[in-house]
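Me: I have a structure open and would like to talk through how its parts pack together. Could we go through it piece by piece?

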Amino acid sequence: MSTQPVVSLVDVRKIYGSTHTHVTALDGVTVDFGASEFTSIMGPSGSGKSTMLHILAGLDRATSGSVYVKGTEITGLGDLALTRLRRERIGFVFQSFNLIPTLDADANIDLPLSLAGRKPDKAWKAQIIATLGLEGRLHHLPSQLSGGQAQRVAIARALVMRPAVIVADEPTGNLDSATSADVLSLLRTAVDELEQSVIMVTHDRHAAAVGDRVLIVRDGAITHDLRAPSAKQIAQVA
Ligand SMILES: Nc1ncnc2c1ncn2[C@@H]1O[C@H](COP(=O)(O)OP(=O)(O)OP(=O)(O)O)[C@@H](O)[C@H]1O
Ligand SMILES: [Mg+2]
C-alpha cells in the first residue's frame with residue numbers, strides 16, 4: 001500500500017489494573033491500517049480486540065507506545081483535542097447500535113455533525129441514505145426500527161462525517177445471518193464506493209472474510225496477518 005496508513009500503532013501496550021491484579025490486554029502491538037481498506041480483527045474472547053479498537057479510536061488511552069490517526073499522534077493529545085479528533089475523524093459502529101432513543105433516524109444520523117457544529121453535506125447524506133436503503137425510515141425512532149435497520153442508521157451516522165476511519169466492534173453480533181450479510185456488504189460498499197476505511201472486530205470468520213485483510217489477535221499480540229483470506233483459511237489459524 002503506497003498511501004499513508006490511516007491508523008498506525010507503534011509498540012502499544014495496555015495494562016489494566018494495579019500491580020497486584022494487572023492484566024496485559026495489549027502486549028506491544030505495532031501495525032499499520034491501510035486507507036480505503038477493510039481490515040477485520042479476530043481472536044478469542046479476552047485476547048484484546050476491543051482494547052485495540054478503543055485505543056486506536058481514541059476512546060481509551062495506551063499505557064505506552066504511540067497511536068497515529070492520519071499522521072496525527074493521538075497519544076499525546078489532551079482530552080479536549082482527543083474528543084475533537086474522535087468526533088471529526090472516527091465513525092463508530094457498535095454491537096448495540098448506541099442510537100439516541102428519543103431522536104428519529106434522521107436526527108441520529110446528523111448527531112455527530114450537530115455535535116461538531118457542522119451541517120450535513122446534503123448530497124453526500126442523500127447518497128449514504130440511498131446506498132443504505134433508509135429512505136423510508138428517516139422519521140422512525142430507534143424503537144420503531146428492526147435490528148438491521150438500526151444498524152444501518154448507525155452506519156449512516158458513522159459515514160455522514162466522512163471520517164478517516166470507521167471502527168466497528170462486532171457490528172453484526174446482534175443480527176440474524178441475512179441482516180448480517182446486508183450490514184457487511186454495506187461496510188464493504190463504504191470502502192469500495194465511498195473510499196472509507198473500515199476496521200472491524202468480529203467473532204465470525206465469514207464476516208471477517210469480507211475484509212481485504214484479517215488480523216488474528218491472541219494474548220494481546222497479533223499472531224497472523226492475512227491478505228484476503230477465505231473463511232476456510234481463517235479457520236486454520238483462528
Ligand atoms: N476496563 C478494564 N479493566 C480491567 N481489565 C480489562 C478492562 N477491559 C478489558 N480488560 C481485560 O483486558 C483483556 C482484553 O479485553 P478485551 O475486551 O479487549 O477483549 P476482546 O478480545 O474484545 O474480548 P471479547 O471477544 O470477549 O469481546 C481481558 O483480559 C479483559 O478482562
Ligand atoms: Mg470485545
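Reply: What follows goes through the sheet, a helix packed on it, a pair of helices and one buried residue. Please keep in mind that this is a predicted model.

Me: Fine, start with the sheet: what is the strand order, and is the pairing parallel or antiparallel?
Reply: The sheet is open and has 4 strands in the order β2-β1-β4-β5, and the pairing is antiparallel.

Me: And which strands are at the edges?
Reply: The edge strands are β2, covering 23-33, and β5, covering 72-73, each of which pairs on one side only.

Me: How many bridges join β4 to β5?
Reply: Strand β4, residues 64-69, is joined to β5 by 2 bridges, with the two strands running antiparallel. Within that pairing, Val69 stands opposite Thr72 in β5.

Me: Which helix packs on the sheet, and which strands does that helix touch?
Reply: Helix α1, made up of residues 49-56, packs on the sheet and touches β1 (7-16), β2 and β4, while the direction of α1 makes about 120° with that of β1.

Me: How many residues of α1 are buried?
Reply: In α1, 6 of the 8 residues are buried, so this helix is largely enclosed by the rest of the structure. The buried residues are Lys49, Thr51, Met52, Leu53, Ile55 and Leu56.

Me: What is the phi of Gly58, which follows α1?
Reply: Gly58 has a positive phi, near 75°.

Me: Switching to the other helices, at what angle do α3 and α5 pack?
Reply: Helix α3, residues 105-115, and helix α5, residues 147-160, pack at an angle of about 30°, and their axes are 8 Å apart. Because angles under 35 degrees count as roughly parallel, α3 is roughly parallel to α5. The crossing of α3 past α5 is right-handed.

Me: Which residues meet there?
Reply: From α3 the contact involves Ala105, Asn108, Ile109, Pro112 and Leu113, and these meet Val153, Ala156, Arg157 and Val160 in α5. By class, the contact of α3 with α5 has 7 nonpolar residues, 1 polar and 1 charged.

Me: One last residue: where does Thr189 lie, and is Thr189 buried or exposed?
Reply: Thr189 lies in helix α6, which spans residues 177-192. The relative accessible area of Thr189 is 18%, and because buried means under 20%, Thr189 is buried.

Me: What is Thr189 in contact with, leaving aside its neighbours within four places in sequence?
Reply: With those neighbours left aside, Thr189 is in contact with Thr131 and Leu194.

Notes
Residues numbered from 1 in each chain as written. Chains lettered and ligands numbered in written order. Predicted model: local features only at pLDDT ≥ 70, side-chain atom pairs only at ≥ 80, totals over all residues. Heavy atoms only, no water. Axes fitted to C-alpha atoms, helices over the stretch in contact; angles between N-to-C directions. Parallel < 35°, antiparallel > 145°, perpendicular 65-115°, else oblique. Left-handed = near helix turned anticlockwise from the far one by under 90°. Contact = heavy atoms within 4.5 Å. Nonpolar A, V, L, I, M, F, W, Y, C, P; charged D, E, K, R; others polar. Pairing = 2+ DSSP bridges. Buried < 20%, exposed > 50% of the residue type's maximum accessible area, 1.4 Å probe, protein only.
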